Amino acid sequence: MRSTFHGIETAKRSLFTHQAALQTTAHNIANASNPAYSRQIVNMQAARPIEAVGMTHSAVPGQLGTGVEFSSITRVRERFLDDQFRNQNKELGSWTVQQDTLEKLEKIVNEPSDSGIRTVLERFWSAWSDLSKDPERIDGRKVVREAAMALADAFNHTSRQLEDLKNDLTKNIELKTDEINTLLTAIADLNREIYRIEGLGDNANDLRDQRDDLTDKLSKIINITVQETASGYTITMGNTQLVNGATASTVTAEGLTAAFGGDLTGGELYGMIRSRDVLVTQYEAELDTLVNTIANGEVTVTIPAGSVLPEGAVVKINGVEQTLTGAQRYITEDTKVTVNGLNGLHKLGYLLTDPPTAGGDFFVGNTAATFRLNPAIEKDPTLIATSMRTAGSGSSESVVTGNNTLALLISELKSEKFVFQPSGGGQSVSATVDDYWGSVVGVLGVQAQEAGRQADNQRVLVDQVDARRQSVSGVSLDEEMANMIKFQHAYNAAARVMTVYDEILDRIINGMGVVGR
């Protein structure tokens, strides 16, 4: 025999189930603008049917349904799309940082412009050219001095900016390391809490969303692999385990730098370390090579006939280094010699003093940070040599002060090919100063363009995967409103059923058995 109150129980279950569905719909609508939220659904199923009580199978046909109940509330999430998103996100983080660094390098180099190194070099060569027109004028020497100091200052300033950029990247690496440790600890804590809640039979949907959001953020900083186990997420970077259940490892900036190119292969941190240790360092080395070559790099010039070189002058003739003394000093025909940069050429000339005194080093320092005009020349511009001729011999030898050979040769270094030997070793390059610097600027432009292209491509890929993920997990207000109406009608219908059964029971209880009273 079936229970008289069976219908009320069926209606009650329907009310409770659809009430939960309405509450879940409200929760979805409230989080419609939350990008880290995954929509949730109430999983309904028919309640276990009942059969009439009997020793054997009841003669009553069929089993009687007991209504509906919800087995769980789960979130809609696709693991495959999460893995795709994180794989693309690490590349986006890496290229975004490199693009930003290269754009900063372009601003530091500042070419082409009226204030870049190329312009300062042009003014330096022009100052020597002007001096060659009247080599005895002291104001011409002062102009050369100022142009040389401006050139050194341009290199020094650029070097300081590069060093500041490296320091900024180092600080950012340390900050990102702290952020990584914070995220790892938070993920481990969520693993613990999710394990506790789900161990009681519930679904920790909102906590899982928080954990996935933190994992997504972590994937942009470093390359990670995520594996879900019974105790929660196990997160690794290459072969390095970062999170295992409720346990989180602590990483350091030094350790992550050591892992660069090994376990660390992507993410913002990879981009920062590569920017600092590869990109910026590369341009520091290029700048050092440029200044050292201007001052000391091998260059071949033609000494005109009639020149008289200082006693003990060191040059290379036909690739053989020679120290010129006595009659060797007198150049009787145009002779090609190789000297060590502007310094070596300046030593082949004379100051405007008697007895004849050879010029000294014009520049000192072999890096962009230490490069400067010889301090002695800074104080006294008369120490700039311009002449390569003397008159007389022996004790009566004197400098021909009006000779402009050296000043002219130095001004022509602009179009002469120097031998550029990279500071870190490698193949030497023969090029003019302008061409070499132009190639450095050109490579920087290509690298910046490529980084921008890669960043744009990765941004498109990340947005595409995220759009697919949102189409699965995101909240659609139209869909939620349709569900809300459906659940509302079902709730109202269940309430009406309960009202009907209430009236039936009222009739049975209060209206039956009154015949004959």
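**Reading helices, burial and cores**

Reader: Which residues of α5 are buried?

Author: Buried means under 20% relative accessible area, exposed over 50%, and partly exposed in between (1.4 Å probe, protein chains only). In α5, Asn205, Leu207, Arg208, Asp209, Arg211, Asp212, Leu214, Thr215, Asp216, Leu218, Ser219 and Ile221 are buried. The model is predicted: local features need pLDDT of at least 70 and side-chain atom pairs 80 or more, while totals for chains, interfaces and linings use all residues. Residues are numbered from 1 along each chain as its sequence is written, and side-chain values use heavy atoms, without hydrogens and water.

Reader: Why is α5 largely enclosed by the rest of the structure?

Author: Twelve of its 17 residues are buried, so α5 is largely enclosed. Helices (H or I, at least four residues) and strands (E, at least two) are DSSP runs, numbered from the N terminus.

Reader: What span is expected of α5 at 1.5 Å a residue?

Author: The expected span is 1.5 Å times one less than the number of residues. For α5 that gives 24 Å, close to the 25 Å from its first C-alpha to its last.

Reader: How far apart are the end C-alpha atoms of α2 and α3?

Author: In α2, which has 31 residues, they are 45 Å apart, in agreement with the expected 45 Å. In α3 (residues 117–133), with 17 residues, they are 25 Å apart, which agrees with the expected 24 Å. After α2 comes Asn110, with a positive phi near 55°.

Reader: Which residues of α3 are buried, and what do they pack against?

Author: The buried residues are Ile117, Thr119, Val120, Leu121, Phe124, Trp125, Ala127, Trp128, Leu131 and Ser132. They pack against α4 (138–198), α7 (268–296), α8 (341–346), β11 (363–364), α10 (405–411) and α11 (433–473). Contact here means heavy atoms within 4.5 Å.

Reader: Which members of the largest nonpolar core touch the most other members?

Author: In soluble globular proteins, nonpolar side chains tend to be buried together. A nonpolar core is a set of buried Ala, Val, Leu, Ile, Met, Phe, Trp, Tyr and Cys residues joined through side-chain atoms within 4.5 Å. Here the largest core has 69 residues, and Phe124, Phe155, Phe362 and Phe363 touch the most other members. With ten residues, α4 gives the most to this core. A separate, second core of 32 residues includes Ile187, Ile194, Ala253 and Ile273.

Reader: What is Phe155 in contact with, leaving aside neighbours within four places in sequence?

Author: Phe155 contacts Ile117, Leu287, Leu290, Val291, Ile294, Ala368 and Phe371. Of these, Ile117 is also one of the buried residues of α3.

Reader: Is Thr25 buried or exposed?

Author: Thr25, in helix α1 (residues 6–30), has a relative accessible area of 3%, so Thr25 is buried. Beyond its neighbours within four places in sequence, Thr25 is in contact with Glu480, Asn483, Met484 and Phe487.

Reader: Where is Glu228 found, and which residues does Glu228 touch?

Author: Glu228 is in strand β3 (residues 225–229). Its relative accessible area is 33%, so Glu228 is partly exposed. Not counting residues up to four places away in sequence, Glu228 touches Arg79, Arg208, Arg211 and Tyr233. Arg208 and Arg211 are among the buried residues of α5.

Reader: How many residues separate Glu228 and Asn244 in sequence, and how far apart are they in space?

Author: Glu228 and Asn244 are 16 residues apart in sequence, and the distance from C-alpha to C-alpha is 9.7 Å.
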